[in-house]
Amino acid sequence: MLDLSAQKISPVMETYGRFPITLVKGKGSYVWDEQGNKYLDYTSGIATCNLGHIPEAVSEKLKNQLDHLWHCSNLYHIPSQNELAEKLTSLSCHDQVFFCNSGAEANEAAVKLAKKYAKDQGYTNKTDIVTFTDSFHGRTGTTMAATAQQKIHEGFTPLTPGFSYLPFNDQEALLTLDEQKTCAVMLELVQGEGGVRPADVSWVKQLSKICKEKDILLIIDEVQTGIGRTGTLFAYEQFGIKPDVMTLAKGLGSGIPVGAMLAKESVGQSFKPGTHGSTFGGNPLAMTAALATIETVEKSDFLKKAEKQSHYLFDELKKLETQYSLVKEVRGKGFLVGVELNGDAKHIVKALHGKGILSLIAGPAVLRVLPPLNTTEDEINHFLSLLKDVLNEQEDAS
Ligand SMILES: *Cc1c(COP(=O)(O)O)cnc(C)c1O
């Protein structure tokens, strides 16, 4: 018999070190805990709730869909998949979409597609994928191997073979790309979990050029940077490139799980019936949430407003570099903001909790700030004033 009173371990596997906060409600830029404390949510559920919590445009359509059809599998046609795919391809340089449920799955699909494409082109040895130091591409077997961070690999060897890593933003390293072996490179244009590090535009252009010359596919992981997070609908628009493949997830469904892998026609054609699939992928609820999300973000002034607010936040944060010895560098793009500290970022995150602000870390020394894209100047000012309070307290204490 299971004696619950004797149970010492958590019934939920402890894959996360959680903060002692239990959230029960969200609306707009705010969330509430079970004691009724209100927090300004500058995590956006890790770049997921880009329109804030429970945005009306998405909520209404989801409620309506709930009364029609939740799930039917991909053995049948799902009109909202076509609608969303048409929307995404009209707004990107891609022609076809595969739908799944998460970022890791989208990257898995991209890796499979790249291998299949190389085979279809008649290359038998072009099987390897190159990624970059401090990247983050997911936690599944393959996407963990794609993630070039030792701490993510520990305890899980042997890793999925065929991945190798080059230093990020290093021009010379690109010359070592081996066209005999490499079918694709995959990268984030602003590294998220790896420390909020933007790629250099000239480096990315060079990479794209080399990929074309060597018949290597360029896969851009926009799981975190996509859906307006960096100021444009997709980050690649700011880098003067047209990637062969792009992956999306986090912000795509406003918090409803959904992932997507987009490819140019010539590449997407390598997926045929039976080559890949997902039971839940592209289900009517997820498609409804994603469609309503994109329709909101593509409205003419939505991203313009977000850009204005993000410039304001950046300008104000930049001032802290000279005002506080704790603040080393402010970097990022749009509302993907990193504040590198001369000290422990988790400490600051916890101190901000006490003041009613939720924020994230990206590595031990980087505070990661991910406001909803429709946050207001008042909210930004509220955040800035409490962050300064925390920085003052920390510097006074040391
Ligand atoms: C979060 C993230 C992933 C993994 O997404 P999951 O939905 O957690 O599987 C992959 N790539 C990037 C850049 C991410 O930020």
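Reader: What makes S13 and S14 a pair?
Author: Six bridges join S13 to strand S14 (residues 336–341), and the two run antiparallel. Strands pair if at least two bridges are found between them, so S13 and S14 qualify. One match across the two strands is Val327, whose bridge partner in S14 is Leu341. Keep in mind that this is a predicted model.

Reader: Which strands form the open sheet, and in what order?
Author: Four strands form it, in the order S13-S14-S17-S16. Their pairing is antiparallel.

Reader: Why are S13 and S16 said to stand at the edges?
Author: Count partners. Strand S13 (327–333) and strand S16 (360–361) each have a single partner strand, so one side of each has no neighbour in the sheet.

Reader: How do you know that S2 and S3 pair?
Author: Strand S2 (residues 30–33) and strand S3 (residues 38–41) are joined by three bridges. The cut-off is at least two bridges, so S2 and S3 pair. They run antiparallel. Tyr30 stands opposite Leu40 in S3.

Reader: What lies between the strands in the hairpin of S2 and S3?
Author: Four residues. In this hairpin, Gly36 takes a positive phi near 90°.

Reader: What makes S3 and S15 a pair, and are they parallel or antiparallel?
Author: Two bridges join S3 to strand S15 (residues 357–358). The cut-off is at least two, so S3 and S15 pair. These strands run parallel. Here Asp41 stands opposite Leu358 in S15.

Reader: Now the ligand. Which residues are the closest?
Author: The ligand is surrounded by 13 residues, the closest being Gly103, Ala104, Asp221, Gln224 and Lys250. Helix H4 (residues 103–120) gives the largest share of this shell, three residues. By class, the shell holds three nonpolar, six polar and four charged residues.

Reader: Why call the approach to Gly103 a polar contact?
Author: An oxygen atom of the ligand is 2.8 Å from a polar backbone atom of Gly103. The limit for a pair of N or O atoms is 3.5 Å, so this counts as a polar contact. For Ala104, a polar backbone atom is likewise 2.8 Å from a ligand oxygen. With Glu193, the ligand oxygen is 3.2 Å from an N or O atom in the side chain. That too is within 3.5 Å, so Glu193 makes a polar contact.

Reader: How much of the ligand does the protein bury?
Author: It buries 81% of the 380 Å² that the ligand exposes when taken alone.

Reader: Which pocket is the space taken by the ligand?
Author: The largest pocket.

Notes
Residues numbered from 1 in each chain as written. Predicted model: local features only at pLDDT ≥ 70, side-chain atom pairs only at ≥ 80, totals over all residues. Heavy atoms only, no water. Near = heavy atom within 4 Å. Polar contact = N/O pair within 3.5 Å; in protein donor to acceptor, adjacent residues only side chain to side chain. Areas by Shrake-Rupley, 256 points an atom, 1.4 Å probe, with all protein chains shown as cover. 1 Å grid on protein atoms, 1.4 Å probe; cavity = no way out; pocket = protein on both sides within 12 Å on 5 of 7 lines; lining within 4 Å. Sits in = over half its atoms within 2 Å of the grid points. Nonpolar A, V, L, I, M, F, W, Y, C, P; charged D, E, K, R; others polar.
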